[in-house]
Amino acid sequence: MSDSTMRALVLGDGAPRVDRRPRPEAVRGETRVRVLLAGVCATDLALAQGYMGFKGVPGHEFVGLALDGPLEGRRVVGEINAGCGTCGCCRAGDPRHCESRSVLGILGRDGAFAEELRLPHGNLVEVPDGVDDDAATFTEPLAAALALLDCLGDARPERALVVGDGRLGLLCAWALADVGINVDLLGRHPERGAWAGERVRHMSRPLDDRPPPRRYPLVVEACGRTDAVARALAWTAPRGTLVLKTTGAEPVLLDLAPLVVDEIRLVGSRCGRFEPALAALAQGRLDPRALIEGRYPLEQAPLALEHAARGGVLKILVDITP
């Protein structure tokens with residue numbers, strides 16, 4: 001095969017398949033990265049089902065080796081939003097909300113289930129030597145979980161409820177517990193609660209079963225079910241905060257009256273800063289590798305998506321190395 005092409009998982013026009021794609025060309029201001037390892041996210045699964053009409057290479061949780069640019073030769077991870085660089089958001093240092101942004105493996109930019117990808121220089125962060133490749137692939141979802149703390153500011157409640165004990169829910173529970181908040185974790189897998197720390201108490205029950213025994217000053221929706229938002233709202237205490245961490249292909253019908261009557265603050269929370277996530281991994285405050293349930297070579301990436309889509313599965317990795 002020509003050096004100008006590479007292997008990649010491709011979505012669109014039928015079932016997910018591994019095919020040949022052009023390698024990213026050198027572009028001023030951007031770094032080419034040889035991908036070493038990539039993680040399957042719920043967003044990848046939604047894209048494979050037609051979410052956003054995505055066509056191309058998915059994948060945004062990765063660790064790789066910079067092939068050029070300021071960090072050439074270093075192991076890197078990358079923030080996924082690439083702004084235009086000139087709008088008000090970008091000039092203020094917030095390309096995540098640039099109206100013209102591309103998003104790695106999600107919107108207008110091929111992603112990490114490929115031998116190579118390309119991101120702006122400023123999106124890349126060097127991985128500390130003490131963080132291995134497996135742990136580094138969790139940087140993006142861990143950063144998203146730690147973004148909860150930015151939503152709270154200095155007002156941190158004594159107790160919180162996290163709805164969902166999957167990949168994101170566990171990381172959110174850990175992030176809150178790490179700053180001293182006692183967390184009730186609502187889900188179907190009681191064996192997972194201990195992983196997130198001693199401040200986390202697992203409440204093993206289906207989402208549609210009886211509600212928790214209290215209302216909480218902070219509720220985090222991290223399960224991705226369309227009916228979860230209304231239930232989470234009902235479990236939020238007056239003048240409390242409800243944080244939504246997931247998106248879905250289907251719209252949510254929600255009675256907004258409780259927001260007004262109970263003066264509840266509704267917050268959307270998406271991506272987070274990578275530096276705090278890498279610091280947590282480097283300091284050993286969190287070891288996410290126990291969440292890994294399987295790994296596949298790139299040639300079997302469609303099987304990796306199928307595995308990740310099974311109920312109750314945590315993290316599946318795709319090994320990109322030849």
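This is a walk through the sheets, helices and one cavity of the structure above. It is a predicted model, where local features need pLDDT of at least 70 and side-chain atom pairs count only at pLDDT 80 or more, while totals for chains, interfaces and linings use all residues. Residues are numbered from 1 along each chain as its sequence is written, and side-chain values use heavy atoms, leaving out hydrogens and water.

Let's start with the strands. Helices (H or I, at least four residues) and strands (E, at least two) are DSSP runs, numbered from the N terminus. Two strands pair if DSSP finds at least two bridges between them. One open sheet has six strands in the order β13-β12-β11-β14-β15-β16, with parallel pairing. Because β13 (200-204) and β16 (265-268) stand at the edges with a single partner strand each, one side of each is left without a neighbour in the sheet. From one strand to the next, the twist averages 20°. Further in, β14 (residues 216-221) and β15 (residues 236-244) pair in the parallel sense over five bridges, and Val220 has Val243 in β15 as its bridge partner.

Helices lie against this sheet. Helix α5 (residues 167-178) packs on the sheet and touches β11 (159-163), β12 (182-187), β13 and β14; contact means heavy atoms within 4.5 Å. The direction of α5 makes about 170° with that of β12. Angles run from 0 to 180 degrees between N-to-C directions, and axes are lines fitted to C-alpha atoms, for helices over the stretch in contact. Helix α4 lies across β14, β15 and β16, running at about 140° to β16.

How do two helices meet? The axes of α4 (residues 139-152) and α8 (residues 274-282) come within 8 Å and cross at roughly 110°. That makes α4 roughly perpendicular to α8, a label for angles of 65 to 115 degrees. Among the residues meeting here are Leu142 and Leu146 in α4, and Phe274 and Leu278 in α8. The contact residues divide into nine nonpolar, one polar and one charged. Here Ala, Val, Leu, Ile, Met, Phe, Trp, Tyr, Cys and Pro count as nonpolar, Asp, Glu, Lys and Arg as charged, and the others, Gly among them, as polar.

A smaller topic is the second sheet: an open one of three strands, ordered β6-β7-β8, with mixed pairing. Two bridges join β6 to β7 (residues 102-104), and these strands run antiparallel. Ala82 stands opposite Ser102 in β7.

Finally, which residues line the largest cavity? They are Glu79, Ile80, Asn81, Arg96, Glu140, Cys271, Gly272 and Phe274. On a 1 Å grid over the protein atoms alone, a cavity is a set of points where a 1.4 Å probe fits but cannot get out, and lining residues have an atom within 4 Å of a point.

Technical notes
Parallel < 35°, antiparallel > 145°, perpendicular 65-115°, else oblique. 1 Å grid on protein atoms, 1.4 Å probe; cavity = no way out; pocket = protein on both sides within 12 Å on 5 of 7 lines; lining within 4 Å.
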